Amino acid sequence: MKENNETSEYITFPKTFENYKWYKPILVLILGLVIMIILDSIITLVFSQIYGKDFIISLTNGGYEILNTEIGEILTNLGVIIMIPSLYLASKIVRDRPFSSYVSSRGGWNYKLYFKALIIPFIMYMIFGAIDFAIKGPEGIAHFSWSFLILTLILVPLQCIAEEYVFRGLFMQTFGSWFGIPVLAVILQAIIFALCHGYNNLGIIEVFVSGLFFGFITWKTNGIEVSSAVHTANNFTISLFVMLGIQSTTSSPTLTDAVISIAFLIILYVVMYYVGKKTDWFGEIKE
């Protein structure tokens, strides 16, 4: 591994470690899934004891419509957040590489870069949501509360960062280390990212487009901070709009909604890439 502050190629970064073996990511994935199932079972059991088994079963069988309820969103976010400790423990047990290497090849997490990268997508998503509301009117039932807002401010970023650790960290870096072709690694992780979301075909295409950008921007910035920021801005604004009754989540977006959403995503990603190049996000290292 490099001993100085010189930035390594993120996608093939695992190969710079002495303990790297091609099969270790497979062991990490299997062990991580086992740990995740155990943690998820504990969370489900706790929520079942508090809210009743039948209620929790009815929520979990409802697709992404579960996110239209407070308990459903909390339960869903926690179910994703546990990917972080699952990956951490699996990585430590397998002893494949430092956990910080999943974040970046620049020496760990750059918080300044993450918070800077939040600004533009958050503003754009808020404007997009406001326009959508002006055209369609309210689509959901408001259930805003300050306590839920604070909880959302904590859980949503962690949920998005967890997905970046796994899809852009574990999966993309593994494919990059195996094949040595960054573009292929970006595409493969985007496919897996899309298939792991339970939307209809149109929704899967939307997620695939997002996965391509998240992978591309991670590749170019040598870390997951910017992709985590855009991911966070997206998921938080959706949660906020659902909370206010402006929008409602669904597993089956229409063709019109999908086309508009993908067009917006492309515009957002072009803006983010342009600003990133102008402000040297792609040259930053951990301070």
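## The lining of the largest cavity

By class, the residues that line the largest cavity in this predicted model divide into 3 nonpolar, 3 polar and 4 charged residues. The lining is made up of P14, Y20, K21, K24, P25, D96, R97, Q173, T174 and S177, and the elements that contribute two or more residues to this lining are α1 (24-51) and α6 (146-179). Of these, α6 provides the largest share, which amounts to 3 residues.

As for volume, the largest cavity encloses about 70 Å³, and a search through the whole structure finds 1 cavity of 30 Å³ or more.

## W219 in helix α8

W219 belongs to helix α8, and with a relative accessible area of 18% this residue counts as buried, because the value falls under the 20% limit for that class. When its neighbours within four places in sequence are set aside, W219 is in contact with E9, I11, M172, P182, V183 and V186.

One of these partners, E9, is also joined to W219 through a polar contact of 3.4 Å between the two side chains. A further relation links W219 with T12, for the two residues stand 207 residues apart in sequence, while their C-alpha atoms are 9.8 Å apart in space.

## Two loop residues with positive phi

N222 is found in the loop that runs between α8 (201-221) and α9 (225-243), and its phi is near 55°, a positive value in a residue other than glycine. Is N222 buried or exposed? Its relative accessible area is 13%, and N222 is therefore buried, since a value under 20% places a residue in that class. A polar atom of the N222 side chain lies 2.9 Å from the backbone nitrogen of Y10.

R95 likewise is a residue other than glycine with a positive phi, in this case near 60°, and the place of R95 is in the loop between α4 (83-94) and α5 (111-136). With a relative accessible area of 65%, R95 is exposed, because that class takes in values over 50%. The two loop residues can thus be set side by side: N222 is buried, whereas R95 is exposed.

How values were computed: Residues numbered from 1 in each chain as written. Predicted model: local features only at pLDDT ≥ 70, side-chain atom pairs only at ≥ 80, totals over all residues. Heavy atoms only, no water. Helix = DSSP H or I, 4+ residues; strand = E, 2+ residues; numbered from the N terminus. Buried < 20%, exposed > 50% of the residue type's maximum accessible area, 1.4 Å probe, protein only. Polar contact = N/O pair within 3.5 Å; in protein donor to acceptor, adjacent residues only side chain to side chain. 1 Å grid on protein atoms, 1.4 Å probe; cavity = no way out; pocket = protein on both sides within 12 Å on 5 of 7 lines; lining within 4 Å. Points joined across faces, edges and corners; volume = space filled by probe spheres on them. Nonpolar A, V, L, I, M, F, W, Y, C, P; charged D, E, K, R; others polar. Contact = heavy atoms within 4.5 Å.
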